[in-house]
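Here is a short report on how one protein model is put together. Please keep the sequence and the 3D view at hand while reading.

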Amino acid sequence: MAHTISAGFVIPPLLRGIARIFHTHSALLQLKYSALCYCTVNGTMKSERKADHLERTANNFRQETRSSTILFYRKYQSGQINVISPAKVCGITNESETVKRLRLAITNKDFAFKAGQWVDFFIPEVAVVGGFSICSSPGLLEKEGVLELAVKYTPHPPAHWIHTQCSLDSEVALRVGGNFFFDPQPADSPVNLVLIAGGVGINPLFSILLHAADFHRNQDSEGNGYKMGTVKLCYSAKSIDELLFKNNIFGLMNEFPEMITCSFHVTRQSSQTSEELQPYITEGRISEKELEQHVSKDTLWYICGPPPMIESISKLLENFGVPTDCIYFEKWW
């Protein structure tokens, strides 16, 4: 899981700006962060008080040495480590009425992530750390030096900043984290994937879907490397307008018609579904029957969405006889 860590002795101006947010150790301890995500793999879900992002993800992998936040901050101040990577906003689009899609240019050549992971999101003028799942593929970062985030509007300071103040060339900083990912190696046996998304829980699963498509392209063009199996995406949202990345997903289905399939579900659609979308849209939640037909010993299940959805689907899969070590989930809040 470990990433390559880049050591350095000069903190760039952007990171010095972030350092000023945490100008004393006491201030660091007093800062309250709001949670946007919490990642758990093959774990037991328990109800708990509403914790902040850093608390929720304290036991998750991060692109840093394992140390307390204070120790990390001391090393960061002294320039002993440089794992918070500067980034610049190079694209902003409206993915829906409530979701903005950011494209970020990464300047740190050692920055890397696995499909499904998230980033700590640092904004120089905002003393709250966000947590946003990456929705692009590792291949896009390797080829173009960029990654993408899709952020739904909330009053939470980082999300509010993205929707109200963020502009082209805005400077932020990122740090990779998360134990929820799909990262097969060339010698690994082929597996099929079932990706189950609820609402904006599509973000990490879309990254995994894009990563799987890259494996198919590489296999077709190079004939070597990891041999990807089939991918089935089951995606549920309140309405068609809230189904993110629709055009991208349709494009992948057309590019790999036998290998990538998707079913869209809407639970509160009020308007008429357009004729071109009708074959792909089902009104109502993802059904037990639909999931059961994909159960096999060669299938891995990735689930991301609201906690109640994850709890019910995980229990359903276990009732189908799916081993718990084949079920991966991430809760978003």
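The report below covers the cores, the sheet and a few selected elements.

This is a predicted model: local features need pLDDT of at least 70, side-chain atom pairs count only at pLDDT 80 or more, and totals for chains, interfaces and linings use all residues. Residues are numbered from 1 along each chain as its sequence is written, and side-chain values use heavy atoms, with hydrogens and water left out.

**Cores**

The largest nonpolar core holds 62 residues. Leu-193, Ile-249 and Tyr-302 touch the most other members. Such a core is a set of buried Ala, Val, Leu, Ile, Met, Phe, Trp, Tyr and Cys residues joined through side-chain atoms within 4.5 Å. Buried means under 20% relative accessible area, exposed means over 50%, and partly exposed lies in between (1.4 Å probe, protein chains only). The elements that each supply at least two residues of this core include strand 8 (192–198), helix 7 (202–222), strand 9 (231–237), helix 8 (246–255) and strand 10 (260–266). Helices (H or I, at least four residues) and strands (E, at least two) are DSSP runs, numbered from the N terminus. Helix 7 gives the largest share, nine residues. Another core, of 25 residues, lies apart from it, with Leu-102, Phe-121, Val-128 and Leu-174 among its members.

Which residues does Leu-193 contact, leaving aside its neighbours within four places in sequence? They are Phe-182, Ile-208, Met-228, Thr-230, Val-231, Lys-232, Leu-300 and Tyr-302. Contact means heavy atoms within 4.5 Å.

**Strand 9 and its partners**

Seven of the seven residues of strand 9 are buried, so the strand is largely enclosed by the rest of the structure. Val-231, Leu-233, Tyr-235 and Ala-237 lie on one side. Lys-232, Cys-234 and Ser-236 lie on the other. In a regular strand the side chains alternate between the two faces of the sheet. Strand 9, helix 8 and strand 10 make a right-handed β-α-β unit: with the strands pointing away from the viewer, the path from the first strand over the helix to the second runs clockwise.

Two strands pair if DSSP finds at least two bridges between them. Three pairs are listed here.

| Strand pair | Bridges | Direction | One bridged residue pair |
|---|---|---|---|
| Strand 8 and strand 9 | Six | Parallel | Val-194 and Lys-232 |
| Strand 9 and strand 10 | Seven | Parallel | Val-231 and Ile-260 |
| Strand 3 and strand 6 | Seven | Antiparallel | Arg-101 and Ala-150 |

**The open sheet and helix 6**

Six strands form an open sheet in the order 5-4-7-2-3-6, with antiparallel pairing. Strand 5 and strand 6 stand at the edges with a single partner strand each, so one side of each is left without a neighbour in the sheet. Helix 6 packs on the sheet and touches strand 3, strand 4, strand 5, strand 6 and strand 7. Its direction makes about 85 degrees with that of strand 5. Axes are lines fitted to C-alpha atoms, for helices over the stretch in contact, and angles run from 0 to 180 degrees between N-to-C directions. The buried residues of helix 6 (residues 157–164) are Pro-158, Ala-159, Trp-161, Ile-162 and His-163.

**Helix 10 and Glu-292**

Helix 10 has 13 residues and reaches 18 Å from its first C-alpha to its last. Its buried residues include Met-309, Ile-313 and Leu-317. Gly-321 follows helix 10 and has a positive phi, near 95 degrees. Glu-292 sits in helix 9 (residues 288–292). Is Glu-292 buried or partly exposed? At 45% relative accessibility, Glu-292 counts as partly exposed.

Technical notes. Expected span 1.5 Å × (residues − 1).
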